[in-house]
Structure formats: C-alpha cells, structure tokens
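Let's take a walk through this one together. Have the 3D view open and ready to rotate as you read.

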Protein chains: 2
Amino acid sequence: MIQKPSLPQGTRDFGPEVVRKRQYILQTIRGVFERYGFQPLETPAMENLDTLMGKYGEEGDKLIFKILNNGLDNPVKEASLRDAFDKVLQGKNTKDLTERALRYDLTIPFARYVAMNHGQLAFPFKRYQMQPVWRADRPQKGRYREFYQCDADVVGSRSLLNEVDLCYIYHTVFLQLGLEGYELRINSRKLLTALAEICGGAGKMIDITIAIDKLDKIGLDKVKEELAGRGLDDAQIATIERYLNISGSNDEKLAAIKELFGNNETAKKGIEELEYVTNMVIPAPSQREGETVSAHGSRLTAHESPNLVLDFTLARGLNYYTGIIFEVKAPATVKIGSIGGGGRYDDLTGLFGVPDMPGVGISFGVDRIYDVLEELNLFPPTVTQATAALFFNLGEAESRAAYGLLQGLRSAGISGELYHEATKMDKQFKYAEKKGIPYIVIIGSRELEQQTAMVKELATGQQEPVPFGELAARFAGENVR
Amino acid sequence: MIQKPSLPQGTRDFGPEVVRKRQYILQTIRGVFERYGFQPLETPAMENLDTLMGKYGEEGDKLIFKILNNGLDNPVKEASLRDAFDKVLQGKNTKDLTERALRYDLTIPFARYVAMNHGQLAFPFKRYQMQPVWRADRPQKGRYREFYQCDADVVGSRSLLNEVDLCYIYHTVFLQLGLEGYELRINSRKLLTALAEICGGAGKMIDITIAIDKLDKIGLDKVKEELAGRGLDDAQIATIERYLNISGSNDEKLAAIKELFGNNETAKKGIEELEYVTNMVIPAPSQREGETVSAHGSRLTAHESPNLVLDFTLARGLNYYTGIIFEVKAPATVKIGSIGGGGRYDDLTGLFGVPDMPGVGISFGVDRIYDVLEELNLFPPTVTQATAALFFNLGEAESRAAYGLLQGLRSAGISGELYHEATKMDKQFKYAEKKGIPYIVIIGSRELEQQTAMVKELATGQQEPVPFGELAARFAGENVR
C-alpha cells in the first residue's frame, strides 16, 4: 500500500542547512563548557516511569510521553492485553500498560545519574548535557514536542566561584556567537525570601513570587492588584513596589536594596552573594594582566567582562532555586524572550535517596538562540557551506583523472565531489548551484592533455587555469574539515 | 517517597570518558562524510506508527517501541481509556491506544524525508545521519534497546562512482582511527542471482542466499546439508561449492568467477560492477600525482588504497540489496564480527509513493568500533582528557589572582579550573588525580608576591616556576578546545 508520509505533530526534520547551523551553536557551547572543566554526560531517551512521575507537578506528569509495554498491542497476546486493561481500569496498576517514558528534561535524569554513581564521581562534579527532550504540549509556533535542552551544572559545591564561572560561560558563548548585546540578569532568591519576611512573613513567599514573576507580562499595576487579591495590605504592597522600582547602575541598586532591607539577615546573605559575583566578574588587575598576555587573537580582549545586570524583579517562577538566579535576555533589537536561565538549588538528589547535594546550573535555549542568530544574520556563511569544489564529469578518462585529483583535495581536508555521471555541463552547473558549491573544477580532454584544470568561482564567474600539481594548494584553507 | 533509582533494561548512561570516546569516533566519521560532500540530516525520534509498521517484517514490527497516546493513562479520562481499550480489544483500531512510535532504524525515516521533500532536494542527494534508534530486543551482552546508527546514503544515482566514494570513506575513517588492518569485503548481489539462475532457476535465490549467509557460522558442510534440505540436487550443490571455494587474489578470483559463470548475462553485469570498483580504488597515475602534491601530512599517503577483498560468499542476509554489497571486518587480531556494511538498492521511496529512487549506502557499527578501539588501545590519550590545568585555591587574594590568570588560559582555548574552595592541598590534589588533570598550578602568598606560579606535572612530579605573564604560553597547545 502506498502511503503519503507525514511527521507527527510538533516534531521536525532538520535538513542539512539547519543541522549545520544547530551544530555551530551546540559546538560553540560545547567548546566553552569544556574550557571551563565541564564534562559531557548522555542519558538514555527512555527512563523508568517511576523516575519521572511526580517530579514535574501534576501538569508536567500529564505531558510525559509514556511508552506502551512491549507485546501489548500484538494481536496474538489479546488475553494479556485484556488482562492489562482490566488492571488499569480497576486502578490497580498502570505498570501493566506502561513502565517507561521519554525524558521530559535533563535535570531529573542527571539527578538519577548522580544518585546512582555518586561513589565514583569526583566532586564538585561539573557536567554538561545536550540532548532532546519530549513533552506532549499542544504544538504551537515555537513550541515543539521534541526539542533540545542544553544544560551545565556543578553539584557538590556551595562555592560562589561556580556562579562566577557560569557568568563567564554565558559571556564567552554569546560573544563567540556575535551576541555582544545580550544581558545577563541576576538576582538572589534570598532577596525574595527576605521580601516575604518583611511583608507578611515567610508564608507569603509563594504569593509574592507568583505575582512578581508576572511583572514583565502584566505590568506593575496588575501585579499590585494581584498582591492585594492574595491578601497583602497596602503597606506591604508599598514595600514591594519600592523593591520593584529600584533602578540605576548595579552599585546604585545595591545601595538602594541595602537601605530597603536594613538588618534583615536573609537579605544580607543575598546581597553578599550578589556583591561577590558582581565583584569577581569585574576584572581585577592581575586578571587584566593575564588576559593581555594570553588573549592574542581571542574575541575576549575587547569585551572582557560579562554584561551583568542586577534585576531584583527576576523571580524564575516557582522552582527549586534558593540562591543566585540567572536569566539571559537577547539583544534588545530582537523581540524574543529569555535565551537562557538557571540558578542555585540546595538539593538535587534527595528524592533519589542521596541527601546534601547542592548545586548550581544554567541552560541555553538553543531553539531561541537559533532564531536570534537567524534574525540578526549572525551565522557565518561558511557554516552552511557543504562542498568546496565540484569536479565536472566529462567522460571516462577525464573523470578518472578528476577523481585522482579530487582524492588529493580530500586528503588535504578539503571537501569535494566528482559529478556522478558524464552528462551535460548545464546539469552539472545546476547541481553545484543548488547545493551552494562555490567552485567548479573542469577537466576536459584539453585540460587533461595540458595537465591543467580550469577552476571557476560561481559567485563571480571568474575562471583561471590551475596546473594539476597545484590544485590542492589552490584550495588550501577553503572549508577544511 | 525516596526511590532507589535505576535504568530501564537495555539502556545505558554514557559518562564523560565514554561520551568523549564516542564523540571521537562520530566526529572522525562526520569529518570524512563532509569531505565527500555528504550532508547531515536529523529526523525526530518519534514517527507516525503508520510510517514504521510493515517495513521491518513481522518480527521487526513487534520490536518497535510504541508510544501511548497522551491522556489515556490519566485517571480522570477513564471513560475515554475504557473506550479506547474496547476498540483495541475488538480489533477495530489500535490508533486509539497508540499512533506514534520510536525510530527503529535510520533508513525508513530517511526514505520518508526524501519522499516528503524530493521536490526541494539536489539529486544525487548525499546524506549522512548519526542518531539513536530503539528496539525492544531482549537485552543481552552487546545488544541494547537504545543504540546509535551511523549511515551514509546517496540516492538518485545509479553511478558506480558512488560505490567508489563509499569504499574510500570506509578506508579514510578506519585509517584515521588507526585500524589499518581492516578488510573491506565486497561482492555483487547479481552474482548470487546468477548463481540461482544456473542452479535451479531464479526461484532458488532466497534458498541459496539464506544458506550462504550462514557459511561463517556453520561451515561449508552444513551449508551443503541445508542446500540439499532446500531441494537442490548434487550437481547444483557442486556448482555452489565451486562458487564458494573460489580463492586467491582479487584478480585470480575474477578470472575464476568468469570461468564459472561463462556467458550468464546477470553474472557479467555483476562482474563488470566489481571490476569497475576494484579498478577505481587502485590509484591511477594521475591520482598518485594528485596525492603527491596534496597529501602532505595526511595519513593517506602511506596507505593510498582501500583494503578491498572480493568475497563471493558475502550475501548480507535477506534485504533489499540489488548490486554491490559491502561488509567490513575488524582487524583479524580482534574477535568481533562486522563493523560496517551496506550496499546498493533499487527503490528507496516506492512505499511512500515516490518511485524510481535508486541508491547505495553504508553504515558504521559505532558500538563495535568502540569495542575494537578499546581492545586495541587505539583511543588517543588526549581524547579522554578533561581539564588541562587545575589552579589550586589557597585563599581569597590568591584565588582572585588565580582566577584572573585562569581566564587568560581559557581565552586562549585551554581548559582549566580553579578549585572551588580554599581547602587542604591534599584534597585539591585528589580532585586533580581523580579527574585525570595533568597539571596543577599553585599560587600561594609567595607566588603572588613574586608574580610567578608553580606549575607541577602530576605524572612526573616535576615542577617549575612560571611567571604570571608566561602562563598561557606555557600551556599553549595543551588540550586546546
């Protein structure tokens, strides 16, 4: 039976150009993670359903893709299928129907890995992970059912040096990608805790966080309405408004926040964290010295320091963060939300029986970064170039010579192809054009006799004869892989 | 509730060292694919069940992991669940239970992609794809439920130049991985067809292929028994034995096979294919010339030509191949089966409504190649090295200076870390050892005063003072990422 094939809703094929652009982003991030001593981890797509369920809230549980136990849909096993269905319907045990599920994020598999292997790991354990995850969300523009996450975490350390490293990782990646205009906003969850303490007690933390988290979307007036609706009085709301209105340079903001919180101990700790991190990312004299010596040729020289913006309105939703939190905004010219975020948490693996595993992590929003680079036209043209040179196929003897020369190019790391059959030159031209190949190499009977190829650049139409013996050198540096 | 976490049967976590080694293999292969003009493709993990079912035989269908339709296991939807079960049990429609499934191989998703996009692609379309696939096989040693496939195919061309390219791709990859002793066996399916023609007619093709395919495992006598059991007479079996016993150099084998088949037209075509490919991979004079000029520094110079072995006993099971077939054997010192294989087929996309799409493809057995490299100790030591230098943390001022210098190294592409807290040197040493970091950089109060770091190589115990300004240069070339 002939089928008209299609893709499942919310999934995508990535063709050659898109894969190359995505690889460019992922390899840039990977290179920076590695320079900072982070190590790669890969976990399987399938996890036991037990590992995932109950970790993402009720809504999350519903969005986990579950895998049908094998054999159940097999007609010959109808009896066991009926049996399984009966058990499921009686609410006894869905395990007879599904025991495995697709990864919903990278954090829970990472926690499971650390819990299973903590005896063997060197702590602090710094890992990065770049893999797809699956969510049964309703598909819509920019939201997919399969998408990549790209995370780096340090666990087993409370040191703020980790937060400093993570700031520099963001900085280096975005600079390498050409996104100098990014903003790295940071805050400490401890300030939100402190705000709750001085506005109705710690019990109000969730109410305040939920309301503040909406500030970007609904504006200050609606946030105040919501706070009132959640039972905060006018004085408390006024304090929160004062908190949210703090502005100026980082130093001015720090001065204002100190005045607002006075002697509140929680706030003091949060402010200390923020001061430590902001101070460390402003290069000290010795650091400048080190960079002068070493950064020849590096793009870091011009923009030494992460573009850190204190943002006390940053809340990062209702998750497990307890200390410094991060969020990265794309350059202001692009209308797109956050392209990265993260923060510090107290307990990664408690749910899996391994207590006392604090950590801090960040993630990169790869799909959004892709869209930003596309919109700002920041992908280097070489990224999508496939083949550097197409050798025309102009007959048996000619193609044999061409193939030998082509092998010379390939041995030197230059990508090239010989057209697969001796056909009209027009057709061979079209192939080069359609594939975006910049150079063609023509070896006809005359060229064969003179041991000289004709090299033509498609963009300019210019052509020049190049002796066979100099061909590889002619292409040296051209798209070497 | 605290859980003791575990992994689903047949799945694996890949820790840092394993990911790095796997990346080394995959990046080596990727680089060669790219040099030969192949382009990357990535398809989603989930396909519509319709796309996959019926493509892998009855046994294959059973091994496809199906995904439960979303919402069905949700208790509040019990009515719809009961409804779905009823329909399934009545044999009406399993779509109410499952509509999507996990990719079982890379070929069918590739065929689906070509069928959906053939209007936009430049043909011949050369794609490579390296992604995991999932099979509900019974887990056993060396067989996993999630594993990578790594395929390259050219579709839309009948030219044997593609086969020649694929031979060189195998050759270049295995040479780069240090597996000079590999053997690339080739045959043409047309010879097996011809053998059937002269031994009982084309109808015997399947019987003969099934029997010959077992030769490695059960030996010639058992193959003859099986052929007799399948109804071949003594004269026919004698012919097949003569065919299987052909030995000698490639040239000797070609002479013998010509004599055996005489004027059989199918055999003539198969022999022509084999002669074309074997002739092209023996460097012609112009090719040698090209290589002399271009291959400076390349490993190809020493071993110019694929180690091609004609093997008329090669059958490649009961699949869709119709022309040249390949199989790669690991170096003889390793007791492991094939580490790659492939062949030419007539029709990739007919099942999806796009006729006349011939092609040829190969695959690399990544898990087995990994095992071979491990057994022969062929992974370069730098592959698994994480961090080049660990800066000790010896106090507030010291660590601040160290961090600045570390940033200098990182800007120069050298991977490094500052230990996360000022603790006993012994503990910092242990971290470096456990993580396999080759150098430590000590900056205490004396070093800070003298603006000179102490650099110690852990393997030798040797240490030397290096002025701050020369640190990055000292590590230049060390594990640059």
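What follows goes from one chain, to the pair, to two places where helices pack.

Keep in mind from the start that this is a predicted model. Begin with chain A on its own. Its secondary structure adds up to 19 helices and 16 strands. How spread out is chain A, next to a compact globule? Its radius of gyration is 29 Å, while the globule rule gives 23 Å for 481 residues; the value for the chain is well over that, so chain A is more spread out than a compact globule. If you'd rather think in terms of a box, the C-alpha atoms of chain A fill one of roughly 90 × 75 × 45 Å along the principal axes.

Now bring in chain B. In general, two copies of a chain are related by a rotation about an axis and a shift along it. Here, a turn of 180° with a shift of 0.0 Å along the axis lays chain B on chain A, with an RMSD of 0.1 Å. The two copies are therefore related as by a two-fold rotation axis. Want a landmark for that axis? In chain B, look for B:Ile67: its C-alpha is the nearest to the axis, at 2.2 Å. Both copies also use the same surface, since 100% of the contact residues of chain B recur in chain A.

For a spot where the chains meet, find helix H6 of chain A (residues 161–176) and helix H15 of chain B (residues 396–411). They pack at an angle of about 30°, and their axes are 13 Å apart. An angle under 35 degrees counts as roughly parallel, so that is what H6(A) is to H15(B). Their crossing is right-handed. On the H6(A) side, the contact is made by A:Leu161, A:Val164, A:Asp165 and A:Tyr168, and H15(B) brings B:Tyr403, B:Gln407 and B:Arg410. Sort the residues of this contact by character and you get four nonpolar, one polar and two charged.

Finally, stay inside chain B and look at helix H10 (residues 234–244) with helix H11 (residues 250–261). Here the packing angle is about 165°, with the axes 10 Å apart, which means that H10(B) is roughly antiparallel to H11(B). The crossing of H10(B) and H11(B) is left-handed. H10(B) makes the contact through B:Thr239, B:Arg242 and B:Tyr243, and H11(B) through B:Ile257, B:Glu259, B:Leu260 and B:Phe261. The residues in this contact of H10(B) with H11(B) come out as four nonpolar, one polar and two charged.

How values were computed
Residues numbered from 1 in each chain as written. Chains lettered and ligands numbered in written order. Predicted model: local features only at pLDDT ≥ 70, side-chain atom pairs only at ≥ 80, totals over all residues. Heavy atoms only, no water. Axes fitted to C-alpha atoms, helices over the stretch in contact; angles between N-to-C directions. Helix = DSSP H or I, 4+ residues; strand = E, 2+ residues; numbered from the N terminus. Parallel < 35°, antiparallel > 145°, perpendicular 65-115°, else oblique. Left-handed = near helix turned anticlockwise from the far one by under 90°. Contact = heavy atoms within 4.5 Å. Nonpolar A, V, L, I, M, F, W, Y, C, P; charged D, E, K, R; others polar. Least-squares fit on C-alpha atoms with pLDDT ≥ 70 in both. Rg over C-alpha atoms; globule rule 2.2 N^0.38 Å.
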